[in-house]
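Here are a few exercises to help you find your way around a new structure. Keep the viewer open and work through them in order.

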Amino acid sequence: MGIFSFFSKEKKETLDKGLSKTKENVFTKITRAIAGKSKVDDAVLDNLEEVLITSDVGVETTLKIIDRIEKRVERDKYVTTSELTGILRDEIANLLTENKTEDGEGFALPEDKKPYVIMVVGVNGVGKTTTIGKLAYQFKKAGKKVYLGAADTFRAAAVEQLVIWSERVGVPIVKQKMGSDPASVAFDALSSAKANDADVVIIDTAGRLHNKINLMNELTKIKNVMKKVVPDAPHEILLVLDGSTGQNAFEQAKQFTAATEVNALAVTKLDGTAKGGVVIGISDQFKIPVKYIGLGEGIEDLQVFRKREFVNSLFGE
Ligand SMILES: Nc1nc2c(ncn2[C@@H]2O[C@H](COP(=O)(O)OP(=O)(O)OP(=O)(O)O)[C@@H](O)[C@H]2O)c(=O)[nH]1
Ligand SMILES: [Mg+2]
């Protein structure tokens, strides 16, 4: 695979390390669920169901997984409990990769959309600005010309935070003063990006406004203004979710996808949480692909979500 090997040893280490708490949690529970049992029977399956639900996989996805394992146990007659994690890993990976979107190949951008416009949305504190910084770094590393737009004008610190990322990565940023119209910042950012022949422009937005209706109206306004510069923009509306909030992330995904045309998801803060199972549920239940996962605060700690590698890392290979 040479230079096109997207899953290097370093990336695997970051993933394994990031998911270690979730992994530990899941393994401890599974060990408890099969204690004293040599064979996978109904009682073990009941326990397993509880393990998955309490690991934030979500009820619907858990039931699908249990159903698959039940079928397998029926087919194979005698399944030992020592085979269980291997089976779990296979069945979850199969479930996620069946009839679903392909995994992304690295941090790629479509060639025919220039500038490719990414609008980043999500409630406050989930990791939007950080994800933008990490994404900008990856795109730049891939040789792309990147522009940032600081359309979170709600707080002064928000603009400053994105300025710091722009300096760290070494990419231009378009900003105005705090309190200015976010749509106007987006307009300027897209205009500059277009005039300078940029490949990609990433727009930060506020997660907190006076209320939810305001927030949604503002996002609509930003979107509409973008179209004046790039008619088919935004190409990507990336919803950022904080994985460490578990089922809450699920709820946010439901609400946002109902209110805006989100077409990509990023799940952050998977390091330092035992709730990483939530990615499995989100990936299974939303038609929108999980494109990126956040595994730390560092510039390198964003990865393209690859289903099988994720499951392999979680359940050991
Ligand atoms: N451990 C960890 N921390 C993260 C990750 N992503 C973001 N953070 C941290 O989460 C905090 C909030 O991140 P921000 O990027 O400021 O979140 P935001 O969505 O832009 O927040 P607002 O602008 O207030 O809406 C920061 O301290 C980040 O360093 C991650 O993947 N892992
Ligand atoms: Mg922010």
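A cavity here is a set of grid points where a 1.4 Å probe fits but cannot get out. One more thing before you start: this is a predicted model.

**Exercise 1.** Work out how many cavities of 30 Å³ or more the whole structure holds, and what lines the largest cavity.

*Solution.* Start with the count: a search of the whole structure turns up 1 cavity of 30 Å³ or more. Next, the volume: the largest cavity holds about 30 Å³ of space. Now look at the walls, which are made by Thr22, Val26, Leu52, Ser55, Val57, Gly277, Ile280, Leu314 and Phe315. Helix 2 (20–33) and helix 12 (307–315) are the elements that give two or more residues to this lining. Finally, sort the lining by class: you get 6 nonpolar residues, 3 polar ones and no charged ones.

**Exercise 2.** Describe the second largest pocket, from its volume to its lining.

*Solution.* Begin with the space inside, about 260 Å³. There are 17 lining residues, and Thr101, Ile288, Pro289, Val290 and Lys307 are the closest to the pocket's centre. Two or more residues each come from helix 11 (278–285) and strand 7 (290–294). Helix 11 gives the largest share of the lining, with 3 residues. By class, the lining splits into 5 nonpolar, 5 polar and 7 charged residues.

**Exercise 3.** Find out what surrounds ligand 1 and which polar contacts its oxygen atoms make.

*Solution.* First, the shell: 18 residues surround ligand 1, and the closest are Lys128, Thr129, Thr130, Asp271 and Glu297. Helix 6 (residues 128–141) supplies the largest share of that shell, 4 residues. Sorted by class, the shell has 2 nonpolar, 9 polar and 7 charged residues.

Then go for the contacts, using a cut-off of 3.5 Å between N or O atoms. An oxygen atom of ligand 1 lies 2.9 Å from a polar backbone atom of Gly125. For a polar backbone atom of Val126, the distance to a ligand oxygen is 3.3 Å. Arg155 joins in with its side chain, where an N or O atom is 3.0 Å from an oxygen atom of ligand 1. As a last step, check the cover: the protein hides 81% of the 650 Å² of accessible area that ligand 1 has on its own.

**Exercise 4.** Say which feature UniProt places at residues 289–302, and describe the chain there.

*Solution.* The unreviewed UniProt entry puts "domain: SRP54-type proteins GTP-binding" at these residues. Over residues 289–302, the chain is 0% helix and 43% strand. The end C-alpha atoms of that stretch are 16 Å apart.

Notes: Residues numbered from 1 in each chain as written. Chains lettered and ligands numbered in written order. Predicted model: local features only at pLDDT ≥ 70, side-chain atom pairs only at ≥ 80, totals over all residues. Heavy atoms only, no water. Near = heavy atom within 4 Å. Polar contact = N/O pair within 3.5 Å; in protein donor to acceptor, adjacent residues only side chain to side chain. Areas by Shrake-Rupley, 256 points an atom, 1.4 Å probe, with all protein chains shown as cover. Nonpolar A, V, L, I, M, F, W, Y, C, P; charged D, E, K, R; others polar. UniProt positions renumbered as here; feature names shortened; annotations may be inferred. 1 Å grid on protein atoms, 1.4 Å probe; cavity = no way out; pocket = protein on both sides within 12 Å on 5 of 7 lines; lining within 4 Å. Points joined across faces, edges and corners; volume = space filled by probe spheres on them.
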